[in-house]
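Student: I've got a new model open and I'd like to learn how to read its features. Can we go through it together?

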Amino acid sequence: MKRILLICLIVFVLVIVAAVIVGVILGSVLNRVAVTSSGANFNYDDAKSYKVGDTEISSKVYKIKANWLNGKVKVSQYSGDTLSIKDEVEEGTLKEELKLRWKKDGDEVIIQYAEAGKKLDLDNLKKNLVILVPSSWTLDEIDIEVVSADSEVALSNIRELEWQSVNGYLDVNCDYLSSIDGNTVNGDVTIYVGKKGPEELSFESVNSNITISLPSDSSFTLKRNSINGSLDSEFSGRIKGDDIFIVGNGDYVWNIESVNGDVKILEI
């Protein structure tokens with residue numbers, strides 16, 4: 001009887017903690033978009049200031065913010081000298097109201113999935129956001145919020161990446177990574193850093209596995225709070241207390257809070 005009560009208590013705690021994390025993650029994302037079987041309600045402020053469709057921006061940009069659904073956000077670098085932003089249609093028809101919207105505000109570019117303020121008939125549309133960044137640029141920040149969409153970021157140098165997702169994975173491939181902050185429900189995370197970083201890492205996740213690949217000389221402190229999840233590391237380190245794992249001098253500080261998700265750290 002006592003064993004049954006203990007199991008019930010553990011399950012109850014799991015449900016409460018998961019609900020809190022899910023609520024935090026969903027709050028910001030679903031405030032902007034709600035997807036139903038018949039379409040999507042997509043909202044954002046100052047909609048009239050946005051321009052419609054693909055674009056090339058020649059003046060240097062330091063921050064990119066993208067809000068997307070039902071496809072992929074693909075950010076990579078190329079040899080050109082302009083920031084290229086475009087819709088990439090995989091399925092369906094790209095109607096005028098479903099074309100991307102964008103605006104440049106100082107040194108920041110903000111990108112929205114489609115027209116704001118009305119219910120959109122997606123009509124089986126699946127489209128990707130493709131962002132090509134000149135290889136000579138170094139961005140200060142990339143901010144991505146997605147619903148039912150994956151995120152792929154491949155840049156040599158990433159200073160700060162913020163990511164919020166419901167039903168979509170994140171794949172990061174870079175040489176240098178300073179900071180990454182993510183919140184996810186039902187989306188695995190894969191991070192590959194070829195030379196140095198991440199110096200700061202913070203994730204809150206539900207039903208998501210996190211895999212991080214790092215150079216062999218990396219030094220970090222992982223503070224992990226997990227319910228129903230394991231830690232597997234190819235790095236030898238030392239454990240402090242119940243939830244701190246230290247490799248080398250522990251120079252970089254990482255924080256991961258997860259429910260139903262494993263963490264794997266691989267050595268390159």
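Tutor: Sure. Keep in mind that this is a predicted model. Let's start with a single residue: glutamate 152 has a relative accessible area of 24%, so it counts as partly exposed.

Student: Where does that label come from?

Tutor: From two cut-offs: buried means under 20% relative accessible area and exposed means over 50%, with partly exposed in between. Glutamate 152, at 24%, therefore falls in the middle class.

Student: Which residue does glutamate 152 meet in a salt bridge?

Tutor: Lysine 72, with 3.3 Å from N to O. Lysine 72 sits in strand β5 (residues 63-78) and glutamate 152 in strand β11 (residues 141-154), so the bridge links distant parts of the chain, 80 residues apart. Lysine 72 is partly exposed as well, with 24% relative accessibility.

Student: How do I decide that two charged side chains make a salt bridge?

Tutor: Look for a side-chain nitrogen of Lys or Arg within 4 Å of a carboxyl oxygen of Asp or Glu. Try it on glutamate 88 and lysine 74: their side chains meet at 2.8 Å, N to O, in a salt bridge. Glutamate 88 belongs to strand β6 (residues 83-91) and lysine 74 to strand β5, and the two are 14 residues apart. Both ends are partly exposed: glutamate 88 has a relative accessible area of 30%, and lysine 74 comes out at 24%.

Student: What do you call it when salt bridges share partners, and which residues are joined that way?

Tutor: That's a network, and here one joins Lys63, Glu108 and Glu141.

Student: How many salt bridges does a search of the whole structure find?

Tutor: It finds 10. One of them pairs lysine 103 with aspartate 46, with the closest N and O atoms 3.2 Å apart. Lysine 103 is in strand β7 (residues 101-105), while aspartate 46 is in the loop between β2 (39-42) and β3 (51-52), so this pair ties together parts that are 57 residues apart in sequence.

Student: Is lysine 103 buried or exposed?

Tutor: Buried, because its relative accessible area is 14%. Its partner aspartate 46 is partly exposed, at 48%.

Student: What about charges that gather on the surface?

Tutor: Then you look for patches of like charge. Asp232, Glu234, Asp262 and Glu267 gather in a patch of negative charge on the surface. Take aspartate 232 as an example: this residue lies in strand β18 (residues 231-233) and is partly exposed, with a relative accessible area of 43%.

Student: Let's move to aromatic rings. What should I look at in a pair?

Tutor: A pair of aromatic rings is described by the distance of the centres and the angle of the planes. This structure holds 5 aromatic pairs. Tryptophan 68 and tyrosine 113 have ring centres 4.9 Å apart and planes at 75°, so that pair is edge-to-face. Tryptophan 68 is in strand β5 and tyrosine 113 in the loop between β8 (108-112) and β9 (118-120), which puts the partners 45 residues apart.

Student: Are tryptophan 68 and tyrosine 113 buried or exposed?

Tutor: Both are buried.

Student: Which residues do ring pairs link into a cluster?

Tutor: Phe220, Phe235, Phe245 and Trp254.

Student: Now the backbone. Which residues have a positive phi although they are not glycines?

Tutor: Two to look at are serine 148, with a phi of about 50°, and asparagine 167, with about 65°. Serine 148 lies in strand β11 and is partly exposed, at 35% relative accessible area. Asparagine 167 has its place in the loop between β12 (157-166) and β13 (170-185), and at 37% relative accessibility counts as partly exposed too.

Student: Which other residue is found in the loop between β12 and β13?

Tutor: Tyrosine 169, which is partly exposed at 29% relative accessibility. Tyrosine 169 and asparagine 209 make a nice exercise in sequence versus space: they are 40 residues apart in sequence, and their C-alpha atoms are 9.7 Å apart.

Student: And what should I check on the peptide bonds?

Tutor: Check omega. From glycine 197 to proline 198 the peptide bond is cis, with omega near -5°. Proline 198 is found in the loop between β14 (189-196) and β15 (200-206).

Methods
Residues are numbered from 1 along each chain as its sequence is written. This is a predicted model: local features need pLDDT of at least 70, side-chain atom pairs count only at pLDDT 80 or more; totals for chains, interfaces and linings use all residues. Side-chain values use heavy atoms; hydrogens and water are left out. Patches are made of residues with over 30% relative accessible area and no salt bridge: like charges are joined within 9 Å, nonpolar side chains (Val, Leu, Ile, Met, Phe, Trp, Tyr) within 5 Å. Accessible areas come from the Shrake-Rupley method with a 1.4 Å probe; for residues, only the protein chains shown count as cover. Lys and Arg count as positive and Asp and Glu as negative; His and the chain ends are not counted. The place of a charge is taken as NZ of Lys, CZ of Arg, CG of Asp or CD of Glu. Helices (H or I, at least four residues) and strands (E, at least two) are DSSP runs, numbered from the N terminus. Buried means under 20% relative accessible area, exposed over 50%, partly exposed in between (1.4 Å probe, protein chains only). Rings of Phe, Tyr and Trp (its six-membered ring) pair if their centres lie within 6.5 Å; planes under 30 degrees apart count as stacked, over 60 as edge-to-face and the rest as tilted.
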